Amino acid sequence: GMRAVMAVLRAAGNLKQALKDSPEDVLMLRAIRDVNVPKFLSHALPLFEGIAKDLFPTTILPTPDYVNMLTGLQAGCED
């Protein structure tokens, strides 16, 4: 419902502030993915990817940079 829409809009706004030069279609698709993918079971992901591709057929998301996150996780696990 509207709570899910608001979550996507908040995520898109946060991404826009962090990545000012990124195109809006990339920011919106990334926000939709970031908010929804963690909620899906593995068998539902292909369906979601198909819907996203239909909605954003020419949008290619850049590969996420997880270097800082992985470094932090590794440091936390070593402690």
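1. Two aromatic rings, of Phe, Tyr or the six-membered ring of Trp, are called a pair if their centres lie within 6.5 Å. In this predicted model, a search of the whole structure finds one aromatic pair. That pair is formed by F40 and F48, whose ring centres are 5.1 Å apart and whose planes make an angle of 50 degrees, an arrangement that is classed as tilted. The word tilted applies because stacked is kept for planes under 30 degrees apart and edge-to-face for planes over 60.

2. The partners of this pair can also be described by their accessibility: F40 counts as partly exposed, at 32% relative accessibility, whereas F48 counts as buried, at 11%.

3. F48 is also one of the residues touched by N36, which is in contact with V8 as well, when residues up to four places away in sequence are left out of the count. N36 belongs to helix α2, which covers residues 24-36, and its relative accessible area is 18%, so it is buried, given that the limit for this word is under 20%. A polar atom of the N36 side chain lies 2.9 Å from the backbone oxygen of I32.

4. Is M2 buried or exposed? M2, which has its place in helix α1 (residues 2-18), has a relative accessible area of 61% and is therefore exposed. Together with V5, M6 and L9, M2 makes a nonpolar surface patch of about 380 Å².

5. As a last point, N36 and M2 can be set side by side: they are 34 residues apart in sequence, and the distance between their C-alpha atoms is 14 Å.

Conventions:
Residues numbered from 1 in each chain as written. Predicted model: local features only at pLDDT ≥ 70, side-chain atom pairs only at ≥ 80, totals over all residues. Heavy atoms only, no water. Helix = DSSP H or I, 4+ residues; strand = E, 2+ residues; numbered from the N terminus. Buried < 20%, exposed > 50% of the residue type's maximum accessible area, 1.4 Å probe, protein only. Contact = heavy atoms within 4.5 Å. Polar contact = N/O pair within 3.5 Å; in protein donor to acceptor, adjacent residues only side chain to side chain. Patch = residues over 30% accessible without salt bridge, like charges linked within 9 Å, V, L, I, M, F, W, Y side chains within 5 Å. Areas by Shrake-Rupley, 256 points an atom, 1.4 Å probe, with all protein chains shown as cover. Salt bridge = Lys/Arg side-chain N within 4 Å of Asp/Glu carboxyl O.
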